[in-house]
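Walk through this model from the chain interface down to single side-chain pairs. Keep the structure open while reading.

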Amino acid sequence: MALLNAKERMLRRAAKDIEAGMTVNLGIGLPTQVMTYVSKDLPVCLHSENGIAGVGALVTKDKADRNLIDAGGAYISPVPGASYFDSAVSFALVRSGRLDLTLLGAFEVAANGDLANWIIPGRFAAGVGGAIELAQKARKVGVITTHTDKHGNPKILERCTLPLTAINCVDRIYTDMAVCDITSEGLILKEIAEGVSVEDVVNATGADLTIPSAPLPTF
Amino acid sequence: MPMPDKTTDMAGVITLIPDGASIMVGGFGVPGSPFCLIEELVRQGQKNLTIIKNDSNEAGMGVDWLLQSGQVKKLITSHIGLNPNAVRLMNEGLIEVEFVAQGILAERIRVAGAGLMGFVTDIGMGTPLAEGKQRVTFEGKEGIFEPALKADFALVHADTADPFGNLTFNATARNFNPLIAMAARCTIAEAERVVPLGKIDPGHVQTPAPFVDHVVALPDLPEVYGIVER
């Protein structure tokens with residue numbers, strides 16, 4: 001395999017936390033791309049909120065079923081054992097705690113686990129879709145995001161400035177620079193990307209970051 | 001005892017819809033969107049409609065036809081991000097848009113169809129979507145009362161129907177269709193196939209016919225139902 005860039009290593013690192021037996025929902029965009037790095041042999045049920053448990057591989061247009069898409073509109077195949085259901089059942093599954101893990105994108109994440117990922121007043125307000133219920137009710141919530149925005153401003157903050165998707169919901173943040181956990185003791189640096197220094201991460205983070213004394217694993 | 005026959009013609013059944021009606025529309029993206037019923041509604045031109053639908057379709061299809069023809073006053077939806085026309089009309093104040101979290105939209109429709117007044121949930125607490133909503137404290141926890149969402153009409157796309165109105169749906173084309181079929185005063189279903197009574201195994205019916213008022217058999221499907229080229 002060719003050398004992976006920082007984004008690819010972030011996706012591959014997030015994929016490591018998808019474990020056998022889990023039911024998982026991957027948000028549209030970067031999180032969906034995590035599947036590229038999940039072993040095809042791993043027994044995992046992938047849920048998509050438009051009404052399928054058992055999402056399989058993407059299919060090309062010439063092989064696509066016009067009635068079978070994921071929530072992002074991509075044409076998919078079902079795996080053996082998949083099921084289809086209506087939108088009320090789909091979110092019953094989410095709200096009742098059947099999702100072991102969801103991975104979502106973010107505009108901002110706060111050190112207390114608040115997530116903002118659906119509205120930028122005056123610029124972007126296309127609706128919340130299923131994000132609130134995924135963020136609030138999945139047993140574990142991971143955020144996949146670049147560590148800073150395209151202007152270099154931190155996306156991990158002491159408090160979110162944008163309207164929230166859900167409060168105190170995020171457990172782990174995967175970025176192109178680091179993996180951070182949100183705990184009752186605050187934001188903790190857990191792993192660091194190859195070629196990035198602790199100082200780089202601290203400078204790119206807009207919140208207090210606890211640095212463990214033990215050497216940090218790299219990814 | 002024969003079951004009633006609810007099959008009818010497209011143009012006639014859409015004339016039942018008056019100006020100012022509230023209309024639930026099935027579909028999540030292309031799958032399950034009743035494009036032919038919407039197209040007839042555009043041809044007839046009813047105005048000041050309130051459209052209740054998961055999304056606003058993509059530009060150039062489905063609900064977007066109603067938006068472009070200026071027939072929509074209000075949209076109750078979870079997401080319009082794939083339709084720049086809808087976003088523009090909202091930003092210019094030409095349509096009113098009420099955003100509802102996707103599963104809460106589905107559940108508000110489901111409880112209306114179940115004959116209930118609403119439900120209590122903690123979804124959205126601490127976010128802008130909870131603002132202005134009635135708070136309820138139950139067993140020491142604070143929640144939000146979400147009212148049932150009904151409509152005058154539901155426009156449903158089914159894979160197969162029988163003349164009585166039993167419906168089945170295909171793959172992810174199910175989505176909101178069975179929910180809206182139960183929540184409207186008058187439910188109109190278009191179906192890709194209308195098969196004789198008894199041809200759908202009673203155990204495989206996904207929407208029972210008593211919820212359906214009218215059945216329209218579709219001709220050969222227009223291209224809009226096909227694979228989307230992006």
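Chain B and chain A bury about 3,200 Å² between them in this predicted model. Carbon and sulfur atoms account for 61% of that area. The contact draws 41 residues from chain B and 37 residues from chain A. Three salt bridges cross the interface of chain B and chain A.

Now look at one pair of helices across that interface. Two packed helices are described by the angle between their axes and the distance between the axes. Helix H3 of chain A covers residues 87–95, and helix H5 of chain B covers residues 102–113. Their axes come within 8 Å and cross at roughly 125°. H3(A) is therefore oblique to H5(B), since that angle lies outside 65 to 115 and is not over 145. The crossing of H3(A) and H5(B) is left-handed.

Which residues make this contact? H3(A) supplies A:Ser87, A:Ala88, A:Phe91 and A:Arg95. H5(B) supplies B:Gln102, B:Gly103, B:Ile104, B:Ala106, B:Glu107 and B:Arg110. By class, the contact of H3(A) with H5(B) has four nonpolar, three polar and three charged residues.

Side chains of opposite charge can pair when their charged atoms come close. Two residues of the helix contact, B:Glu107 and A:Arg95, do so here: their side chains meet in a salt bridge, at 3.7 Å from N to O. This pair counts as a salt bridge because the cut-off is 4 Å between a side-chain nitrogen of Lys or Arg and a carboxyl oxygen of Asp or Glu.

Over all chains, the structure holds 18 salt bridges. One lies within chain B, where the side chains of B:Glu96 and B:Lys74 meet at 3.6 Å, N to O. B:Glu96 sits in strand E4 (residues 96–99) of chain B, and B:Lys74 in strand E3 (residues 72–77) of chain B. The two residues are 22 residues apart, and the pair links distant parts of the chain.

Notes. Residues are numbered from 1 along each chain as its sequence is written. Chains are lettered from A and ligands numbered from 1 in the order in which they are written. This is a predicted model: local features need pLDDT of at least 70, side-chain atom pairs count only at pLDDT 80 or more; totals for chains, interfaces and linings use all residues. Side-chain values use heavy atoms; hydrogens and water are left out. Axes are lines fitted to C-alpha atoms, for helices over the stretch in contact, and angles run from 0 to 180 degrees between N-to-C directions. Helices (H or I, at least four residues) and strands (E, at least two) are DSSP runs, numbered from the N terminus. Angles under 35 degrees count as roughly parallel, over 145 as roughly antiparallel, 65 to 115 as roughly perpendicular and the rest as oblique. A crossing is left-handed if the near helix is turned anticlockwise from the far one by less than a right angle, and right-handed if clockwise. Contact means heavy atoms within 4.5 Å. Ala, Val, Leu, Ile, Met, Phe, Trp, Tyr, Cys and Pro count as nonpolar, Asp, Glu, Lys and Arg as charged, and the others, Gly among them, as polar. Buried area is the accessible area (1.4 Å probe) that two parts lose on being put together, summed over both.
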